[in-house]
Amino acid sequence: MDAFELLNKKIQKVIYEMKWESFRPIQNDAIVHMITSPSDLILSAPTASGKTEAAFLPVISQIADKGKNSVKILYVSPLKALINDQFERVEALCRHIDFPITKWHGDASSAKKTALIKNPAGILLITPESIEALFLNKKEYLQDLFGSLEYIVIDEVHSFIGNERGTQLKSLISRLEYTLAIHPYKIALSATISNLSDIAKWLNSRNPQSVKIINAAEAAKKDILGIIKCYRAMPASNDSDNHTFSPLKQDLFKVITKGKNLIFANAKATLEEYCDAMKQIAKEKNYLPNFYIHHGSLAKNIREECEDLLKTQTNIAVFCSSTLELGIDIGKIERVIFLAPPFSVSSMIQRLGRSGRKKNTHKEFRFFLEEKTLTDNANWNDMFRTELVQCIALVELMLEGFIEPLDTDTFDYSTFVQQILSYLGQTGGATASQIYRCIGENSFHSYFSKNDFIDILQQLSHEDIIYQLPDKTITLAKAGEKIVENYEFYSAFVTAKEWKVLCNGKEIGQISGDNLLFLKNGGTFLLAGKRWELVEIKSQSQILLVKEASGKKSIKFNGGTQNIHRAIQQKMQEIYETNFIPKYVSKNSIEILQEGFDKYKTYVTTSDSTILPVLEGSRIQNTIGLLLKYSGIETEHGGIGFFSEKGKKALTDALKTLHFETIDCNAVLNTIPRPLKYKKKFDYLLSDTMLNKSYTQQCLDFIGAQEFIKNLK
């Protein structure tokens, strides 16, 4: 069927003006399906494959002549920057259609938002947090805004699944449908993922078989070139302060001065450090620096300037976090560089997908790593070169076609609590049965039992967050109102307390309040790729006044970690046991890798070893560590397992004596102080029993640990 002929004449005119010669297969298939036999839809394809147009062309075509009486298309994005980027693309498709396209997020125009409230129409681009705010602050306008909603487009859906934002988004969509009695089609756009049938269930849990899946992943494969380079770390010092730069930084400089480069790290502090070092090297070499930085703690104007430069410059290097991992259009990238192993194969593929978009080009990756120089007093975990081995494992799994399946069955107690409070804020009060019907059954599809729900209500009452009126109506108490009315409530995830950094009245960005422990007046730190000296801390307004600095030693801040999938660590174990040295490891790195293999053979595989290797993924590792603690054995946890002076045999014997049929999991979990089990935003409002369930779901795997112990020899 001719997809072009199915489109509205106004959309056909736009396509003529854009001089498109043909549709890509994913676009053709999506147009035909959504116009001739519409249903919920998943579009899965690599970055820059035309997914946006595949989703919007058919739905805009359907509403082109009737989009003036209500919002017809709700587009949900994980990032403000992605909304801004997609706004321009959608606006281009709608140039001959007379209805508004509105951005709605914290940085968007308040005048445009007000205009939409007064005259709801067209397309609304929004984040989950802003939908939450609408439920609480604009509830009287929900019917006018969304009463005739026909389509919901969820961009980068893989970034929502398995976390609080995704749970919140699912609940909010379900609440919209429940409150307004509407049933819009849902279209999910995703990068390449492995378990698309599970995503269909996530998108439509009541009838997943009705979800159409269009997967264009196989059609877009490209050759991949890459290299892993590992260096011995220099003695601990701030090398950019004494102008003796490490060989890694010198080599990195040579690479990123050519073409367009994205450089990823797992911590913002690492990005700041390396961007600063590149600028210092450029200064020494009288090279005009073209190094920039992009992460979520930078001011909006700095991020947007960087995005614009990426689109227009041909010779640029940007040090970035996951904010540039997702689908913002940043042009054609020559290479993607990693300063540390990503936490997942999926993330590596997503980042690598930024490169190789030109015709007749390859996707290109480079790893630049440092491993510590081994001394007689070296930490046992440093000996095994785990970062280097993990990088090899990630590349091998990628080449094998493995991608971690997304976890679509998360029992997110924290967001369940948030949505209960949000519903009470929206309605002003409801009975327990009404709350459970809307939130427990409709939004969370009875994932949580009524007993769990009652336990949560009782704990919220005990904490004076809610109270029950004589007529059985449950409403927010003053403490609950204070929580819900705070703007931070709109996000379901924990946000670090951010302090604004100002120089001469201009915002540079933010830093976490935790880092103030290390700062004092006169101290310097890195932000936005520059050095700043702290002039004054304004505690009441949470503002840091700074001035530009140079040549002073700067404080480095720490970053976070994420769970590592079992397949990655099992591949690492295979690499250790086979002494696998791939061709893409540089010649100078082989010696360092071989050290890791030798130390593994010497200290891990021997019968008198003091190390119990547990290369089974983070959840099983966490569980084994907790069981050893419960058994009264003190251990040190490292990247590959556990160390004890008592030896591997003692650890194995202790684990073998555990009887999982009779073990009290709550007793095991109660060895962890309660605050350390707060992993999500509203965990602190859970009873001990619910908190243990929540912590287990997020961090542990007792069944996997039991299987691991059974196979120990």
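Me: Is Arg674 buried, partly exposed or exposed, going by its relative accessible area?
Reply: Keep in mind that this is a predicted model. Buried means under 20% relative accessible area and exposed means over 50%. The relative accessible area of Arg674 is 23%, so Arg674 is partly exposed.

Me: Which residue meets Arg674 in a salt bridge?
Reply: Let's start with where the two partners sit. Arg674 is in the loop between helix H25 (665–669) and helix H26 (688–699), while its partner belongs to helix H26, so the pair ties together parts that are 14 residues apart in sequence. The partner is partly exposed, with a relative accessible area of 48%. The N to O distance is 2.6 Å, and the partner is Asp688.

Me: How many salt bridges does the structure hold?
Reply: A nice general idea comes first: side chains of opposite charge can pair when their charged atoms come close. Here, a salt bridge asks for a side-chain nitrogen of Lys or Arg within 4 Å of a carboxyl oxygen of Asp or Glu. The total for this structure is 29.

Me: How many residues apart in sequence are the parts that Glu150 and Lys66 tie together?
Reply: The side chains of Glu150 and Lys66 form a salt bridge, at 3.2 Å from N to O. Glu150 is in the loop between helix H8 (142–146) and E5, and Lys66 is in the loop between helix H4 (51–63) and E2, so this pair ties together parts whose separation in sequence is 84 residues.

Me: Which residue forms a salt bridge with Arg232?
Reply: The closest N and O atoms of this pair are 3.4 Å apart. The pair links distant parts of the chain, 359 residues apart, with Arg232 in strand E8 (residues 224–232) and the partner in helix H22 (residues 587–603). Arg232 is partly exposed at 29%, whereas the partner counts as exposed at 53% relative accessibility. That partner is Glu591.

Me: Is Ile214 buried or exposed?
Reply: You can find Ile214 in strand E7 (residues 212–215). Leaving aside neighbours within four places in sequence, Ile214 is in contact with Ile26, Asp29, Ala30, Leu41, Ile42, Leu43 and Ser44. The relative accessibility of Ile214 is 6%, so Ile214 counts as buried.

Me: Why is strand E2 described as largely enclosed by the rest of the structure?
Reply: E2 covers residues 71–76, and the way to decide is to look at how many of them are buried. For a residue to count as buried, its relative accessible area must be under 20%. E2 is largely enclosed because the buried residues number six of the six.

Me: Which residue in E5 stands opposite Tyr75?
Reply: Let's look at the strands that pair with E2. Five bridges join E2 to strand E4 (residues 122–126), and these two run parallel; in E4, Gly122 is the bridge partner of Val71. E2 also runs parallel to strand E5 (residues 151–154), joined by four bridges. In E5, the residue opposite Tyr75 is Val153.

Me: Which strands stand at the edges of the open sheet with the order E22-E24-E23?
Reply: This sheet has three strands with antiparallel pairing. E23 and strand E24 (residues 641–643) pair over two bridges, with Phe642 in E24 as the bridge partner of His637. An edge strand here has a single partner strand, so one side is left without a neighbour in the sheet; this holds for E22 (611–613) and E23 (636–637).

Me: At about what angle to E24 does helix H23 run?
Reply: Helix H23 takes in residues 618–630. H23 lies across both E23 and E24, and its angle to E24 is about 30°.

Me: How far apart are the axes of H17 and H18?
Reply: Helix H17 (residues 413–427) and helix H18 (residues 432–443) pack at an angle of about 130°. That makes H17 oblique to H18, and H17 passes H18 in a right-handed crossing. Residues that meet include Phe416 and Tyr423 in H17, and Ile435 and Cys438 in H18. Their axes are separated by 10 Å.

Me: Is the crossing of H4 past H5 left-handed or right-handed?
Reply: H4 and helix H5 (residues 80–93) pack at about 40°, with their axes 11 Å apart. That makes H4 oblique to H5. Among the residues making the contact are Phe56 and Leu57 of H4, and Val90 and Leu93 of H5. The crossing is right-handed.

Note on methods
Residues are numbered from 1 along each chain as its sequence is written. This is a predicted model: local features need pLDDT of at least 70, side-chain atom pairs count only at pLDDT 80 or more; totals for chains, interfaces and linings use all residues. Side-chain values use heavy atoms; hydrogens and water are left out. Buried means under 20% relative accessible area, exposed over 50%, partly exposed in between (1.4 Å probe, protein chains only). Contact means heavy atoms within 4.5 Å. Two strands pair if DSSP finds at least two bridges between them. Axes are lines fitted to C-alpha atoms, for helices over the stretch in contact, and angles run from 0 to 180 degrees between N-to-C directions. Angles under 35 degrees count as roughly parallel, over 145 as roughly antiparallel, 65 to 115 as roughly perpendicular and the rest as oblique. A crossing is left-handed if the near helix is turned anticlockwise from the far one by less than a right angle, and right-handed if clockwise.
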